[in-house]
Amino acid sequence: MESQLLRYSEPNKLAYVGELLGGNNFSPKMDHLVCFLSGTLALGSVNGLPARHMDIAKDLGKACRAMYENPTGLGPEIVYYNMLPGNKEDLIIKPRDAHSLLRPEAVEAWFYLYRLTGDKTYQEWGWKAFEAIEKYAKVTNGYSSVNSVKKIPVTYRDLMESFYLAETLKYLYLLFADDQSILPLDKWVFNTEAHPLPIYN
């Protein structure tokens, strides 16, 4: 992953994980889904994997935060990071990729990073995401995906994904919990749908 997929954007050197098309053509496309990798690397770094994985995790967490720096403050489905020196923006959000399904992966990453480092920056990022959800995605009977994170006023997709309740809100709750000993990471593991499972030695 480090040698083939990990790159740094221009001009601010944000870490991102791109894609290999046809096995050898690199694309600077990063789905919001990839943000989970930040948390995975952070968790691995405190469980026997190389310490440098924590640095990569922090860098990816920062790049995922950059995805939310748009007019609504919501996370888009896909971004493309800039690889060319001289451009002013580190990433672009194409119109067809600008929708937000209120995915959990960035908040998941910030939860792990906060739990493992104690750095309140990750709580601040999570709070900004939560405020954006409350402001732009809350509707009369719940929450809705939005058609574009780049346009205000927003228009809605009339769809609330199940993972918003099962994962996004769960990780937000855990990120902000007064008692950070809830579900300690040395005794519990979260599966891909954020269900906590006990670790048996």
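In this predicted model, D31 pairs with K29 in a salt bridge whose closest N and O atoms lie 2.7 Å apart. Both partners are covered: D31 is buried, and K29 is buried as well. The pair does not stand alone, as E19, K29 and D31 are linked in a network of salt bridges. The total reaches seven salt bridges, and two others are worth a visit here.

One of them joins R103 to E77, with 2.9 Å between the closest N and O atoms. R103 sits in the loop between β7 (91-92) and α3 (105-117), while E77 belongs to the loop between α2 and β6 (78-81), so this contact ties together parts that are 26 residues apart in sequence. Here too the partners are out of view, R103 being buried and E77 likewise.

The other brings together the side chains of E2 and R52, at 3.0 Å from N to O. E2 comes from the segment before β1 (6-8) and R52 from helix α2 (residues 52-67), so the bridge ties together parts 50 residues apart in sequence. E2 is partly exposed, at a relative accessible area of 32%, and R52 is also partly exposed, at 44%. In general terms, side chains of opposite charge can pair when their charged atoms come close.

Helix α2 itself merits a closer look. With 16 residues at 1.5 Å a residue, α2 should span 22 Å, and the 23 Å between its end C-alpha atoms agrees with that expectation. Its buried residues are H53, M54, I56, A57, L60, G61, A63, C64, R65, A66 and M67. K62, also found in helix α2, counts as partly exposed because its relative accessibility is 48%, below the 50% that an exposed residue must exceed. From K62 to G23 the C-alpha distance is 27 Å, across a separation of 39 residues in sequence.

Turning to the interior, a search of the whole structure finds one cavity of 30 Å³ or more. The volume of the largest cavity is about 70 Å³. Residues lining the largest cavity include H32, Y68, L74, G75, S100, A129, I133 and T168. R103, the salt-bridge partner of E77, is also part of this lining, as are L102 and V107.

L102 has a backbone feature to note as well: its phi is positive, about 60 degrees, although L102 is not a glycine. This residue lies in the loop between β7 and α3 and counts as buried, at 4% relative accessibility. A194 likewise has a positive phi, near 70 degrees, in a residue other than glycine. Its place is the loop between β10 (188-190) and β11, and at 0% relative accessibility A194 counts as buried.

Cis peptide bonds add to the backbone picture. The bond from E10 to P11 is cis, with omega near 5 degrees, and P11 is found in the loop between β1 and β2 (15-17). The bond from I152 to P153 is also cis, again with omega near 5 degrees; P153 falls in the loop between β9 (142-143) and α5 (162-176).

On the surface, V189, L197 and I199 form a nonpolar patch that together offers about 220 Å² of accessible area. Within this patch, L197 belongs to strand β11 (residues 196-198) and is partly exposed, with a relative accessible area of 43%.

Definitions and conventions. Residues are numbered from 1 along each chain as its sequence is written. This is a predicted model: local features need pLDDT of at least 70, side-chain atom pairs count only at pLDDT 80 or more; totals for chains, interfaces and linings use all residues. Side-chain values use heavy atoms; hydrogens and water are left out. Patches are made of residues with over 30% relative accessible area and no salt bridge: like charges are joined within 9 Å, nonpolar side chains (Val, Leu, Ile, Met, Phe, Trp, Tyr) within 5 Å. Accessible areas come from the Shrake-Rupley method with a 1.4 Å probe; for residues, only the protein chains shown count as cover. A salt bridge is a side-chain nitrogen of Lys or Arg within 4 Å of a carboxyl oxygen of Asp or Glu. Helices (H or I, at least four residues) and strands (E, at least two) are DSSP runs, numbered from the N terminus. Buried means under 20% relative accessible area, exposed over 50%, partly exposed in between (1.4 Å probe, protein chains only). The expected span of a helix is 1.5 Å times one less than its number of residues. On a 1 Å grid over the protein atoms alone, a cavity is a set of points where a 1.4 Å probe fits but cannot get out, and a pocket is an open set with protein on both sides within 12 Å along at least five of seven lines; lining residues have an atom within 4 Å of a point. Grid points are joined across faces, edges and corners, and a volume is the space filled by probe spheres set on the points.
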